[in-house]
Structure formats: structure tokens, C-alpha cells
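Work through the exercises below with the sequence and the structure at hand. Try each task before reading its solution.

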Amino acid sequence: MAQATQMNVLDITTPLRVEHDKKRRQFSIRLNGSHDKAVLLYEYVGKKTVDLQHTEVPEAYRGREIAKHLAKAAMDFVVEEDLKAHLTCWYIQKFVKENPHPHYLEHVLH
């Protein structure tokens, strides 16, 4: 049992790297180089509009602000690409509420 727990320990000295796969429309973070990964999924619902739909972090890694890195990367993408965003995902709604930067808020559709 101790081995299984040890495999799920996130090495806090390794910086989290968010990858953006535009073809699959997802942001992801590989966790400890394993097959586990956290993901944020989105879809284009118009030419310049995305729906940030779902964020998922494996249960063993929850509570470590991994989803926060995904949400920030997604919102930064929305701003950089000058898109509008529907925030279907409750976690992204929470992230924007806790980080009400004008450059995020002006891109959110209500």
C-alpha cells in the first residue's frame, strides 16, 4: 500500500508544465512523468468563442492547485487569442471569480 501512495506523490520541486494541444482542444499537465494527467477541455462554439467545459485532476492529485494552473493557461490563451469564453466548468468560474483581472473579465460571456 505504501508503494501505491508513494507513486501518487507529486514532486513539489518539479515545476508543473501545462501543454496545450490545439488539435484535441485541451490543456494538460503530466503528473510526475506518469500516465496520469490533469486536463482542461474546451470546444470552439463560434469563430472567436470557446466554451471552457471541463477540468479534471486525478483524485490522488487533488487539492494541490493543479487545476489552477490549467485554468490560468486556458484564460491566458483566451486573452492572447482575443477570444470570448463561456465558462461551463465550475472550476474555471471559481478561478475567474478569485482572480477577477480585467483582462480575463472582458473576455467572459455571461
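**Exercise 1.** List the residues of helix α2 that are buried.

Solution. In this predicted model, the buried residues of α2 are I66, A67, L70, A71, A73, A74, M75, D76, F77 and V78.

**Exercise 2.** Check the length of α2 against the span expected at 1.5 Å a residue.

Solution. Step 1: α2 has 15 residues. Step 2: the expected span is 1.5 Å times one less than the number of residues, which gives 21 Å for α2. Step 3: the end C-alpha atoms of α2 are 21 Å apart, so the two values agree. Just after the helix, D82 has a positive phi of about 55 degrees.

**Exercise 3.** Describe how strands β4 and β5 pair, and how the chain gets from β4 to β5.

Solution. Step 1: β4 (residues 49–56) and β5 pair in the parallel sense, over four bridges. Step 2: T49 stands opposite K84 in β5. Step 3: the chain passes from β4 through α2 (residues 66–80) to β5, a right-handed β-α-β crossover. Step 4: in β5 (residues 84–87) the side chains alternate, with A85 and L87 buried on one face, while K84 and H86 point to the other and are not buried.

**Exercise 4.** Decide whether S28 is buried or exposed.

Solution. Step 1: S28 lies in strand β2 (residues 26–30). Step 2: its relative accessibility is 8%. Step 3: buried means under 20%, so S28 counts as buried. Step 4: beyond its neighbours within four places in sequence, S28 has contacts that include R17, V39 and L70. L70 is also one of the buried residues of α2.

Note on methods. Residues numbered from 1 in each chain as written. Predicted model: local features only at pLDDT ≥ 70, side-chain atom pairs only at ≥ 80, totals over all residues. Heavy atoms only, no water. Buried < 20%, exposed > 50% of the residue type's maximum accessible area, 1.4 Å probe, protein only. Helix = DSSP H or I, 4+ residues; strand = E, 2+ residues; numbered from the N terminus. Pairing = 2+ DSSP bridges. Right-handed = clockwise from strand over helix to strand, strands pointing away. Contact = heavy atoms within 4.5 Å.
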